[in-house]
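Here is a short tour of one protein model, with a strand and its neighbours as the main stop and a pair of helices to finish. Have the structure open as you read.

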Amino acid sequence: MAEGRFTNPVIASLAGIKDFFAKQQLASRYSDKDRADGRTVLITGANSGLGFALAVEFARRGARVIMAGRSSIPEAGDRVNKLSGSENVEMHFLDLSKIESIHLFVQALSEEKIQVDICILNAAVALPGSRKTASGQDQMFLVNYLSNVILSQLLLSKRVIPMKESSPLSRILFISSDSHQGATHIDYEEFGRYFEYGVSKGISNYSYFKLVLNTYATELSRRTNLGSVKLSIHLICPGPVASNIVKEAPWLLRIILKSIFRIVFKSPARAARPVVYMALSPDYEGTSNKYLHMFNPKKMDPKVYDPGEGKKLWEKSMELLKAIDPDYAAYSS
Ligand SMILES: NC(=O)c1ccc[n+]([C@@H]2O[C@H](COP(=O)([O-])OP(=O)(O)OC[C@H]3O[C@@H](n4cnc5c(N)ncnc54)[C@H](OP(=O)(O)O)[C@@H]3O)[C@@H](O)[C@H]2O)c1
């Protein structure tokens, strides 16, 4: 059975506190001058936490912002309008735990002929245990991993994210977590299979699914950029964010974690800075598969870079999607 780096939420939070005090190598590269005028930015999970802060920041910098979420529609969009002073913000419904919703979302963007320059795959959940989705998978597996495969494949195959010949290239940023480091291995026996588990396996799975996500993003970058870079696909861990990520934790644990978050975790607006930097800075133009842990360039877990592992994960993911997604043909090549 695969194991993530942590099984205890308080230990995981202590690692976050350590990150809070870590040196930020590239922080001085963050600039208000990196504008986003004329660019279209899509953010998933944009109604809350980091995603919301990113929506405000990109709107302030002149982008057309497409906020995708499953709740607070249209209130979250209205708040982004007010906080940024921009009218160029729209909200779309997207429930990543429902495969059909992902297809409808991309179909709507495609029909509106929207061309996304920067796509931030941010949404994720941290659940206290297993939960079965309508399509039969574990909810955290579907939302934190598999939905990102379907969404990225659809956005690319429908050309909502265009492959560009010239600079600036389109960018996809996967919001990850440095907790993926040290997750044991991708377990293909249990891959996509639903089974019951509780709090500690839930915490372990959160970091394990980020290992799986990073391995997919790396394989996507490998396959997309054969010969030359045509699409920049980068990954970033925002570090500890005082967000709503623990809202589903059991109540006592939630009170403890929220108190830790308030005192020593970064505000979403501050945590958004390295993400904005990575999305807009010329430092990341023409390259792919870079990883930042906040403002620190780093290597991901070595397993993420193994081409054999990437190929196997890709094939297993497509095999699973062929079996569970009635509209698989929309993105299979
Ligand atoms: N918080 C941290 O310390 C930390 C550290 C490292 C990495 N991260 C990563 O940062 C990203 C943002 O998390 P956050 O901390 O900002 O947490 P958050 O405030 O809970 O935001 C998560 C977002 O994902 C959305 N989401 C969850 N399930 C969804 C679904 N089925 N369909 C569509 N959207 C869904 C949530 O929508 P609802 O509001 O409707 O639930 C919310 O908008 C995540 O990828 C997380 O793994 C966070």
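## A strand and its two partners

This is a predicted model. A good place to begin is Leu121, which stands opposite Phe174 in strand β5. Leu121's side of that pairing belongs to a longer match: four bridges join strand β4 (residues 118–121) to β5, and the two run parallel. On to the next partner: β5 also runs parallel to strand β6 (residues 232–237), joined by five bridges. There, Arg171 has Ser232 in β6 as its bridge partner.

The connections between these strands can be set side by side:

| Strand | Helix | Strand | Unit |
|---|---|---|---|
| β4 | α5 (residues 139–157) | β5 | right-handed β-α-β |
| β5 | α6 (residues 199–224) | β6 | right-handed β-α-β |

How do the side chains of β5 sit? Arg171, Leu173 and Ile175 point one way, Ile172 and Phe174 the other way, and all are buried. Because five of the five residues of β5 (residues 171–175) are buried, the strand is largely enclosed by the rest of the structure.

## A pair of helices

Now look at helix α1 (residues 9–20) and helix α7 (residues 251–264), whose axes come within 11 Å and cross at roughly 5°. Angles under 35 degrees count as roughly parallel, so α1 is roughly parallel to α7. Where do they touch? Pro9, Ser13, Ile17 and Phe20 in α1 meet Leu253, Leu257, Ile260 and Val264 in α7. The residues of this contact comprise seven nonpolar, one polar and no charged.

Definitions and conventions
Residues numbered from 1 in each chain as written. Predicted model: local features only at pLDDT ≥ 70, side-chain atom pairs only at ≥ 80, totals over all residues. Heavy atoms only, no water. Buried < 20%, exposed > 50% of the residue type's maximum accessible area, 1.4 Å probe, protein only. Pairing = 2+ DSSP bridges. Right-handed = clockwise from strand over helix to strand, strands pointing away. Axes fitted to C-alpha atoms, helices over the stretch in contact; angles between N-to-C directions. Parallel < 35°, antiparallel > 145°, perpendicular 65-115°, else oblique. Contact = heavy atoms within 4.5 Å. Nonpolar A, V, L, I, M, F, W, Y, C, P; charged D, E, K, R; others polar.
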